[in-house]
Amino acid sequence: MSTQILERPETKDADTGPEMFHYVRKEKIAESAVMGTFVVALCGEKFPVTKAPKPGSPVCPQCKEIYEAMKV
């Protein structure tokens, strides 16, 4: 009887660098979190909401630039 070690490959999505949070429409966040629907960020990226940002979390530079331009 022998013991074999099987390596489990890392199953990770494409490496997009550090995780960044995006600006999305407020009313779509809860719907996406509950239903799993995709939201569209200001920068155009589409994704389901799975996490809430914590204070100091990195923000997508494109989203931030668009948001700042909208505030003026």
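## Exercises on core, surface and cysteines

In this predicted model, the largest nonpolar core has six residues: Val39, Ala41, Phe47, Val49, Cys60 and Cys63. Here are three exercises to work through with the structure open.

**Exercise 1.** Find which residues alanine 41 touches, leaving out those up to four places away in sequence.

*Solution.* Start from the core, where Ala41 is listed together with Phe47 and Cys63. Next, look at the contacts of alanine 41: Phe47 and Cys63 are among them. Then complete the set with His22, Tyr23 and Val24. As background, nonpolar side chains in soluble globular proteins tend to be buried together.

**Exercise 2.** Decide whether cysteine 60 and cysteine 63 are buried or exposed, and work out how many disulfides the structure holds.

*Solution.* Take burial to begin with. Cysteine 60 has a relative accessible area of 5%, so it is buried. Cysteine 63, at 0% relative accessibility, counts as buried too. Now check the sulfurs, with a cut-off of within 2.5 Å for a disulfide. For cysteine 60, the closest cysteine sulfur is in cysteine 63, 3.9 Å away, which is too far for a bond. For cysteine 63, the nearest cysteine sulfur belongs to cysteine 43, at 3.7 Å, and cysteine 63 is in no disulfide. The count for the structure is zero disulfides.

**Exercise 3.** Place methionine 70 in its helix, then say whether it is buried or exposed.

*Solution.* Methionine 70 lies in helix H2, which covers residues 61-71. Its relative accessibility is 55%, and exposed means over 50%, so methionine 70 counts as exposed. Finally, Met70 joins Leu42, Ile66 and Tyr67 in a nonpolar surface patch, with about 350 Å² of accessible area together.

Definitions and conventions. Residues are numbered from 1 along each chain as its sequence is written. This is a predicted model: local features need pLDDT of at least 70, side-chain atom pairs count only at pLDDT 80 or more; totals for chains, interfaces and linings use all residues. Side-chain values use heavy atoms; hydrogens and water are left out. A nonpolar core is a set of buried Ala, Val, Leu, Ile, Met, Phe, Trp, Tyr and Cys residues joined through side-chain atoms within 4.5 Å. Buried means under 20% relative accessible area, exposed over 50%, partly exposed in between (1.4 Å probe, protein chains only). Contact means heavy atoms within 4.5 Å. Patches are made of residues with over 30% relative accessible area and no salt bridge: like charges are joined within 9 Å, nonpolar side chains (Val, Leu, Ile, Met, Phe, Trp, Tyr) within 5 Å. Accessible areas come from the Shrake-Rupley method with a 1.4 Å probe; for residues, only the protein chains shown count as cover. A salt bridge is a side-chain nitrogen of Lys or Arg within 4 Å of a carboxyl oxygen of Asp or Glu. Helices (H or I, at least four residues) and strands (E, at least two) are DSSP runs, numbered from the N terminus.
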